[in-house]
Amino acid sequence: MERHQRHHHHQQQQHLLQNITSSVSVDVSDNRFPQWSIQETKEFLVIRAELDQTFMETKRNKQLWEVISNRMKEKGYIRSAEQCKCKWKNLVTRYKGYETMEQEALRQQFPFYNEFQAIFTSRMERMLWAEAEGVSKKNKGMQVSSDEEEDNGNEESEAGSRRKKKKAKIVNCGGGGDSSGNGSSNLKEILEEFMRQQMQIEAQWMEAFEARENERRLKEMEWRQAMELLENERIMMEQRWREREEQRRIREEARAEKRDALIAALLNKLEREEM
């Protein structure tokens, strides 16, 4: 009986070791996932954009990344929730790093610019609408609280109650009708401020682009001037070399003529002596 128990315990240990090694091998293989293609990344950003509002409303988003992972599997891309989360963080970091660049250059170096621009624009619009609705609700709450305070003043004198009724009428006629108007005007002001900031950012981008372009043109002009100086120097050196070669040739010819004349004189003298 004891031997049978030992044998059963040994089998359990072996089974446990097999499970551990298999889990380790699975983890190692899972780490070797292929690179994200452009099409896969765009599909991922479409799913992330659909759930962006839910991400902004909740702090515990682990289940949301699981949903994105399942949606990716439905489209034929096997990605875990952690891989999707890391991919989103990397893309956001790249997008923020390219924000100061000009838009055309940004689209060339970051092919997902349009998707991120749509996500953050929609997020900004939702925040503006939520802020505007909060302002209108706050105005309504202030009106209701003022009405309640007026209803609780029955113990005061008759003159005081008349003044309060008169005040309530003024509030109902003026403030009640302007609550929606204030909300719309506040929303309009917020949208105008947002558009002004966008135009200011675009103006800053254009100024930075023009500054970089002017700097590039200045450097190109300096480079051209340096190249022209080098070319002129090369031409002058080549001209001096040709002049020196010409002078050397002339000297060589003069030496050759003198040598020929000397040889001819010697030959003539030898011929006269022989005669």
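Okay, so the protein I'm showing today has eight helices and zero strands. Reading from the N terminus, the elements go α-α-α-α-α-α-α-α. One caveat up front: this is a predicted model. There are 275 residues in the protein, and buried ones make up 17% of them. If you take the contacts with a separation of 6 or more, 60% of those come from residues 24 or more positions apart.

I'll spend my time on α2, α4 and α5, and then move over to α7.

Let's start with α2 and α4. Helix α2 covers residues 38-50, and α4 covers 62-74. How do these two pack? Their axes are 10 Å apart, and the angle is about 135 degrees. That makes the pair oblique. As for the handedness, α2 goes past α4 in a right-handed crossing.

Who's touching whom here? On the α2 side you've got Glu-40, Glu-43, Phe-44, Ile-47, Arg-48 and Glu-50, and across from them in α4 sit Trp-65, Ile-68, Arg-71 and Met-72. Sort that contact by class and you get five nonpolar, five charged and no polar residues.

Now α2 against α5, where α5 is residues 81-97. The angle this time is about 95 degrees, with the axes 12 Å apart. So we call α2 and α5 roughly perpendicular to each other. From α2, the residues involved are Thr-41, Phe-44, Leu-45 and Arg-48, and they meet Cys-84, Lys-87, Trp-88 and Leu-91 of α5. The class breakdown for α2 with α5 is five nonpolar, one polar and two charged.

Keep an eye on Phe-44 and Arg-48, by the way. Both show up in the contact with α4, and both show up again in the contact with α5.

Third pair: α4 and α5. Their axes come within 8 Å and cross at roughly 100 degrees. That's another roughly perpendicular arrangement, then, for α4 and α5. In α4 the residues are Trp-65, Glu-66, Ile-68, Ser-69 and Met-72, and in α5 they meet Ala-81, Cys-84, Lys-85 and Trp-88. This contact splits into six nonpolar, one polar and two charged residues.

Let me zoom in on a couple of residues around there. Ser-69 is in helix α4. Is Ser-69 buried or exposed? Buried: the relative accessible area is just 3%, and the cut-off for buried is under 20%. Leaving out anything up to four places away in sequence, Ser-69 touches Arg-79, Ser-80, Ala-81 and Cys-84.

Then there's Lys-85, over in α5. From Ser-69 to Lys-85 you go 16 residues in sequence, and C-alpha to C-alpha they are 9.5 Å apart. Lys-85 comes out as partly exposed, at 27% relative accessibility.

Next, Arg-79, which I'd ask you to click on. Where does Arg-79 sit? In the loop between α4 and α5. With 2% relative accessibility, Arg-79 is classed as buried. And what does the Arg-79 side chain pair with? The side chain of Glu-40, through a polar contact of 2.6 Å. Glu-40, remember, is one of the α2 residues that meet α4.

Okay, over to α7, which runs over residues 113-151. The residue I like here is Arg-123, which is in that helix. At 15% relative accessibility, Arg-123 is buried too. Its neighbors, again not counting residues up to four places away in sequence, are Arg-48, Asp-52, Met-56 and Trp-88. Arg-123 also has a side-chain polar contact with Asp-52, at 2.5 Å. Along the chain, Arg-123 and Met-56 are 67 residues apart, yet their C-alpha atoms are separated by 8.6 Å.

Notice who's in that neighbor list. Arg-48 and Trp-88 both touch Arg-123, and Arg-48 in α2 and Trp-88 in α5 also belong to the contact between those two helices.

Last one: Phe-120, also in helix α7. Phe-120 counts as partly exposed, with a relative accessibility of 24%. Its C-alpha is separated by 9.2 Å from that of Ala-49, and the two are 71 residues apart along the chain.

To wrap up, the two side-chain polar contacts I'd keep on screen are Arg-79 with Glu-40, and Arg-123 with Asp-52. Happy to rotate the model if anyone wants another look.

Note on methods
Residues are numbered from 1 along each chain as its sequence is written. This is a predicted model: local features need pLDDT of at least 70, side-chain atom pairs count only at pLDDT 80 or more; totals for chains, interfaces and linings use all residues. Side-chain values use heavy atoms; hydrogens and water are left out. Helices (H or I, at least four residues) and strands (E, at least two) are DSSP runs, numbered from the N terminus. Buried means under 20% relative accessible area, exposed over 50%, partly exposed in between (1.4 Å probe, protein chains only). A polar contact is a pair of N or O atoms within 3.5 Å; within protein, one must be able to donate a hydrogen and the other to accept it, and residues adjacent in sequence count only if both atoms are side-chain atoms. Axes are lines fitted to C-alpha atoms, for helices over the stretch in contact, and angles run from 0 to 180 degrees between N-to-C directions. Angles under 35 degrees count as roughly parallel, over 145 as roughly antiparallel, 65 to 115 as roughly perpendicular and the rest as oblique. A crossing is left-handed if the near helix is turned anticlockwise from the far one by less than a right angle, and right-handed if clockwise. Contact means heavy atoms within 4.5 Å. Ala, Val, Leu, Ile, Met, Phe, Trp, Tyr, Cys and Pro count as nonpolar, Asp, Glu, Lys and Arg as charged, and the others, Gly among them, as polar.
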